Amino acid sequence: QLRLETPLAALPGDRFVVRGFVPQEHYGTTLGGGQIVRVHAPKHRRASSEAAQTLANWASADTLSRVGLEIKAAGPAGLARTAVLARLGLGQGELAAALDRLVKTRELVAVDDAYLHAEVLATLEAIAITAVRAFHASEPHKEGLPRQELRSKLSSALPARFFDALIAGLARNATLVSERDVVRDPKHKLAETHRLASRLAGTILGRFAEWGLSPPRPQDVPAALREPAKDVLTTLDVLVREKRLV
């Protein structure tokens with residue numbers, strides 16, 4: 001891997017010669033040469049068998065594989081078509097054909113003019129499903145995990161358009177349900193919560209009507225009603241969600 005003091009314009013396939021400052025016996029200042037395999041690569045340690053294997057994979061990859069590898073390496077951020085073009089130096093038609101092929105074989109997911117690798121998407125989907133189910137376990141009385149809160153649990157590099165596509169895909173497969181601004185597991189049932197709320201709803205609504213414009217803080221309502229805090233706060237959540245309280 002070459003690390004340069006100043007930027008250099010280069011593309012995969014370009015050839016190079018590296019020269020030093022001290023003449024060597026038999027070959028002067030020439031240290032070596034080669035062919036560029038990849039540009040914009042992450043820095044590797046000086047000795048890394050993993051990096052060496054990665055380089056070998058890139059060097060032996062055909063055009064189709066190289067496009068897939070470049071987008072996979074971008075992770076949750078994905079890559080726009082123009083970015084792939086700049087990194088690989090392919091012709092417009094050659095790149096378009098490769099991208100179309102990879103989308104058809106489902107190795108890539110396309111959103112507008114940007115692409116995300118299917119393996120990266122699968123990892124993000126697994127994280128999203130786990131997060132939603134964990135939320136139901138900890139907050140069973142709530143309808144679901146707010147979309148923005150769910151997005152914050154995924155990679156900060158994930159663009160909004162890929163997040164929306166991820167949720168839409170899980171909804172199409174009936175793995176998750178997206179309603180309004182929340183995401184929930186399709187098996188999540190609120191029946192028990194609503195039964196609990198029905199017991200206290202009338203009492204709570206009546207007291208809030210009495211309190212008028214000076215109601216107590218939510219955390220003080222259980223004491224005012226002399227009811228268990230968990231039951232009261234759960235009922236408050238339901239009444240707010242049903243827009244019977246503000």
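Here's a quick tour of this structure, from the whole chain down to one hairpin and one glycine. Keep in mind that you're looking at a predicted model. The protein chain has 246 residues, and 31% of them count as buried. Its secondary structure adds up to 10 helices and eight strands. With a radius of gyration of 28 Å, against the 18 Å that the globule rule gives for 246 residues, the chain is well over that value and so more spread out than a compact globule.

**The chain as a whole**

- Taken along the principal axes, the box filled by the C-alpha atoms of the protein chain is roughly 95 × 40 × 30 Å.
- If you look at contacts between residues at least 6 apart in sequence, 55% of them join residues at least 24 apart.

**Surface and charge**

- The protein chain has an accessible surface of about 15,400 Å², and carbon and sulfur atoms account for 53% of that.
- There are 34 positive and 27 negative charges in the chain, and the mean positions of the two sets sit 1 Å apart.

**The β1–β2 hairpin**

- Strand β1 runs over residues 15-24, and it lies largely in the open because the number of buried residues among its 10 is zero.
- Its partner is strand β2, residues 28-35, and the two pair in the antiparallel sense over six bridges.
- To follow the pairing by eye, start with Val-17, which stands opposite Gly-33 in β2.
- Another pair to look for is Arg-19, which has Thr-30 of β2 standing opposite.
- Three residues lie between the two strands of this hairpin, and His-26 takes a positive phi there, near 85°.
- As a general guide while you look, side chains in a regular strand alternate between the two faces of the sheet.

**Gly-206 and helix α8**

- Helix α8 covers residues 191-211, and Gly-206 is part of it.
- Is Gly-206 buried, exposed or partly exposed? Its relative accessible area is 31%, so Gly-206 counts as partly exposed, since that label covers the range between under 20% for buried and over 50% for exposed.
- Further along the chain is Arg-217, 11 residues away from Gly-206, and the C-alpha atoms of the two are separated by 16 Å.

Terms used: Residues are numbered from 1 along each chain as its sequence is written. This is a predicted model: local features need pLDDT of at least 70, side-chain atom pairs count only at pLDDT 80 or more; totals for chains, interfaces and linings use all residues. Side-chain values use heavy atoms; hydrogens and water are left out. Buried means under 20% relative accessible area, exposed over 50%, partly exposed in between (1.4 Å probe, protein chains only). Helices (H or I, at least four residues) and strands (E, at least two) are DSSP runs, numbered from the N terminus. Two strands pair if DSSP finds at least two bridges between them. The radius of gyration is taken over C-alpha atoms; the globule rule is 2.2 Å times the number of residues to the power 0.38. Contact means heavy atoms within 4.5 Å. Accessible areas come from the Shrake-Rupley method with a 1.4 Å probe; for residues, only the protein chains shown count as cover. Lys and Arg count as positive and Asp and Glu as negative; His and the chain ends are not counted. The place of a charge is taken as NZ of Lys, CZ of Arg, CG of Asp or CD of Glu.
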